[in-house]
Amino acid sequence: MKSRSLVSINDYSKDEILNILDLAAGFEASPEPHLLNGKVVATLFYEPSTRTRLSFESAVSRLGGKIVGFSDSSSSSVTKGESLKDTIMTVSNYSDLIVMRHPLEGSALYASEVAKVPVINAGDGANQHPTQTLLDLYSIKKTQGSLENLNIFLVGDLKYGRTVHSLLMAMSHFKNTTFNFISPQELQMPDEYKLYLDNLGLKYYEHSDFTDIISRADIIYMTRVQRERFSDPMEYEKVKNIYVLRYSMLENTKDNLRILHPLPRVNEIHPDVDKSDKAYYFTQALNGVYTRQAIMASILGLK
Ligand code: CP
């Protein structure tokens with residue numbers, strides 16, 4: 001896996017995914033404050049971010065590396081018309097690794113093809129968010145003890161939600177996963193992902209509500225309806241508050257149930273859920289630091 005970009009979760013085999021999760025557990029148990037000494041990581045964020053950018057930057061800092069980059073492309077020469085290619089070629093000269101978020105699907109793949117250093121996709125439009133998936137898998141494994149035999153509920157914006165697209169592909173490696181897709185008609189899981197599961201012979205079920213079946217869930221993965229991906233604001237208004245998970249809904253759920261959300265949330269998880277032991281989303285965000293340390297160490301070939 002040395003010196004290889006991470007563009008899609010499918011860039012990693014099942015064994016490579018499991019290796020990253022083991023490495024992340026190692027970083028959680030035993031911090032390595034000097035592992036990235038002398039290394040420079042560039043974080044290029046063409047779209048807003050709190051968790052992904054700051055957890056990468058925290059991960060680099062905690063490993064002794066240095067950060068360059070921008071959190072707002074309007075402060076860069078992009079505003080003067082510089083192309084993505086020229087930006088990536090230039091930043092390749094200044095860094096050992098590039099972490100990039102960009103609104104265009106396919107931008108991370110393109111960047112990886114022109115960069116002289118590995119590129120990590122920190123989200124490309126509605127396409128993929130592979131490092132989020134690795135921290136989601138780490139969180140699922142840690143809370144469930146296994147990545148097999150799980151009933152996973154994916155709830156909300158399954159059309160534009162890049163995190164659920166990557167998670168679906170990753171969970172397809174593991175035995176007896178049952179997927180339940182809960183979304184309004186307008187935001188259903190795209191056909192290409194359903195076809196992906198069909199071709200692997202994996203089961204999925206589609207629902208418009210989950211209150212009647214919530215007792216079966218091992219993982220409920222809530223997602224935000226993403227206003228920024230809608231071209232028609234009225235369409236967003238129709239579906240924005242369609243699912244709101246509340247504490248009272250957790251009464252008859254499994255003991256092992258954990259609620260995940262890539263965050264940020266808007267209204268889809270009521271704040272009263274935060275008091276539940278089943279609410280895991282803030283620890284999930286913490287797990288991003290260990291997981292991203294593992295990804296960077298692995299890509300840079302550092303032990
Ligand atoms: N989960 C996630 O991608 O959050 P940010 O948009 O805050 O980075």
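Which domains does the domain assignment of the protein chain give? In this predicted model, the assignment gives domain 1 (9–128 + 289–299) and domain 2 (130–285).

**View 1. Domain 1 and domain 2 of the protein chain, as given by the domain assignment.** The C-alpha centres of domain 1 and domain 2 are 25 Å apart, and contact between them involves 30 residues of domain 1 and 27 residues of domain 2.

**View 2. The ligand in the largest pocket.** Around the ligand are Ser49, Thr50, Arg51, Thr52, Arg101, His129, Gln132, Pro262 and Leu263. Sorted by class, this shell comprises 2 nonpolar, 5 polar and 2 charged residues. Both domain 1 (9–128 + 289–299) and domain 2 (130–285) contribute to the shell, with at least three residues drawn from each.

**View 3. Contacts of Thr50, Arg51 and Gln132 with the ligand.** An oxygen atom of the ligand lies 2.8 Å from a backbone N or O atom of Thr50, while for Arg51 it is an N or O atom of the side chain that is found 3.0 Å from an oxygen atom of the ligand. On the side of the ligand's nitrogen chemistry, the side chain of Gln132 places an N or O atom 2.9 Å from a nitrogen atom of the ligand. Of the 260 Å² of accessible area that the ligand has on its own, 91% is covered by the protein.

How values were computed. Residues numbered from 1 in each chain as written. Predicted model: local features only at pLDDT ≥ 70, side-chain atom pairs only at ≥ 80, totals over all residues. Heavy atoms only, no water. Near = heavy atom within 4 Å. Polar contact = N/O pair within 3.5 Å; in protein donor to acceptor, adjacent residues only side chain to side chain. Areas by Shrake-Rupley, 256 points an atom, 1.4 Å probe, with all protein chains shown as cover. 1 Å grid on protein atoms, 1.4 Å probe; cavity = no way out; pocket = protein on both sides within 12 Å on 5 of 7 lines; lining within 4 Å. Sits in = over half its atoms within 2 Å of the grid points. Nonpolar A, V, L, I, M, F, W, Y, C, P; charged D, E, K, R; others polar. Domains from an automatic or database assignment. Contact = heavy atoms within 4.5 Å.
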